[in-house]
Amino acid sequence: MSQGQPQRRRPDQSEVQEPIKYGDVFNVSGELADRPVAPRDAAAAQAAENLVLGENPRGGPAAVMQSAATYNERFGLVGHLDSTKVAREEGVTVTETINPDGNRVVTEKVAGQVVAQYVEPPVPMASPGGALDRDAITIGETLEASALTAGDKPIEQSDAAAIQAAEMRATGRNEIAPGGVAGVAQYAASVNPRDVNKTKLGDVLEDATEKLPADKPVTREDAKAVIGAEIRNSTNMATTPAGVDESQAAAAGLNQNGE
């Protein structure tokens, strides 16, 4: 072999695995560009998209971040509960404005830097009749129902994600209340794997209507957001029988039929 010809690295030769960083998938700069995409960052993006859009667009920032975070975690480059400091401190946000043509302009940011911006047609306003129905089942009531039907189930990450989505849909906020049901559920999901006395759904969701800072009747959009959050954070991509998501879906169907 010629001395001047470089050797091609063989596929089976060991090499240090590099994490997928924000700068690899988005047009960002500074500290964020050099940070690996972490699972908690992706979860925050999914929650923000669900709150504003009612879904996670295929190929959108949340989907990209989830794929990157899954890769990083699979190769042991980040932990399942890791988050990026700059993203955690400056936030993951989804905002919308209306342009002169009446279209909705959606802007998604991570740590203050734009990672996506796109235009969507206006969404028709739904009739408020069902929302004002005094007999409609609320999000808080469905959480309490889950405490009865699946109260003995130890809380896992998928449960915490579903509860977080439910609380955010109930309050209309892009964050969870400190010490609220979502915050307690998230803490329980993080300590349960190493705790003998595991916190269960019933421990957290009992009297949920009193613990939520706000509440509202369940809609199909709410149920869809909760189901999506649980599935995305489930190891087997499935929902919990009689869990938070199924209670939300059942209540949404009853509310719609009762309009």
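A residue is called partly exposed when its relative accessible area falls between the buried class, under 20%, and the exposed class, over 50%. Thr95, with a relative accessible area of 41%, is therefore partly exposed. The structure described here is a predicted model.

**Strands and the loop between them**

Thr95 belongs to strand 1, which covers residues 92–98. Its C-alpha atom is separated by 8.9 Å from that of Ala48, although the two residues are 47 apart along the chain. Further on, Ala111 occupies the loop between strand 2 (104–110) and strand 3 (113–120). In contrast to Thr95, Ala111 counts as buried, because its relative accessibility is 7%. Its backbone is also notable: phi of Ala111 is near 55°, a positive value in a residue other than glycine. Most residues other than glycine have a negative phi.

**Salt bridges**

Side chains of opposite charge can pair when their charged atoms come close. The count of salt bridges in the model comes to five. Three of these pairs are set out below, each with the distance between its closest N and O atoms.

| Acidic residue | Basic residue | Closest N and O atoms |
|---|---|---|
| Glu55 | Lys224 | 3.7 Å |
| Asp159 | Lys153 | 2.5 Å |
| Asp222 | Lys216 | 2.5 Å |

The salt bridge of Glu55 with Lys224, at 3.7 Å, links distant parts of the chain, the two residues being 169 apart. Glu55 is in the loop between helix 3 (39–53) and helix 4 (61–74), whereas Lys224 is in helix 11. With a relative accessibility of 37%, Glu55 counts as partly exposed.

Asp159 and Lys153 are both buried. Their pairing is part of a wider arrangement, since Lys153, Glu156 and Asp159 are linked in a network of salt bridges.

In the pair of Lys216 and Asp222, the two partners differ in their cover. Lys216 is partly exposed because its relative accessible area is 24%. Asp222 has a relative accessibility of 2% and so counts as buried.

**Helix 7, helix 8 and the loop between them**

Helix 7 (157–171) precedes helix 8 (181–191), with a loop between the two. The 15 residues of helix 7 should span 21 Å at 1.5 Å a residue, and because its end C-alpha atoms are 21 Å apart, the span agrees with that expectation. The helix is mostly covered, with 14 of its 15 residues buried. Gly172 follows helix 7 and has a positive phi, near 75°.

Gly179 lies in the loop between helix 7 and helix 8. It counts as exposed because its relative accessibility is 69%. The C-alpha atom of Gly179 is separated by 10.0 Å from that of Leu212, a residue 33 positions away along the chain.

Gly183 lies in helix 8. With a relative accessible area of 24%, Gly183 is partly exposed. Gly183 and Ile163 are 20 residues apart in sequence, and 9.1 Å separates their C-alpha atoms.

**The acidic patch and the loop between helix 9 and helix 10**

Which residues form a negative surface patch? The patch consists of Asp152, Asp203, Glu206, Asp207 and Glu210. One of its members, Glu206, is placed in the loop between helix 9 (201–205) and helix 10 (208–211). Asp207 is found in the loop between helix 9 and helix 10 as well. Asp207 has a positive phi of about 60° although it is not a glycine. At a relative accessible area of 38%, Asp207 is partly exposed.

**Helix 11**

Helix 11 comprises 13 residues, 220–232. From its first C-alpha to its last it reaches 18 Å, close to the 18 Å expected at 1.5 Å a residue. Which residues of helix 11 are buried? They are Asp222, Ala223, Ala225, Val226, Gly228, Ala229 and Glu230. An α-helix has 3.6 residues a turn, so residues three or four places apart point the same way. Asp222, one of the buried residues of helix 11, is the partner of Lys216 in a salt bridge. Lys224, also in helix 11, forms a salt bridge with Glu55.

Definitions and conventions
Residues numbered from 1 in each chain as written. Predicted model: local features only at pLDDT ≥ 70, side-chain atom pairs only at ≥ 80, totals over all residues. Heavy atoms only, no water. Patch = residues over 30% accessible without salt bridge, like charges linked within 9 Å, V, L, I, M, F, W, Y side chains within 5 Å. Areas by Shrake-Rupley, 256 points an atom, 1.4 Å probe, with all protein chains shown as cover. Salt bridge = Lys/Arg side-chain N within 4 Å of Asp/Glu carboxyl O. Lys, Arg positive; Asp, Glu negative; His and termini not counted. Charge placed at Lys NZ, Arg CZ, Asp CG, Glu CD. Helix = DSSP H or I, 4+ residues; strand = E, 2+ residues; numbered from the N terminus. Expected span 1.5 Å × (residues − 1). Buried < 20%, exposed > 50% of the residue type's maximum accessible area, 1.4 Å probe, protein only.
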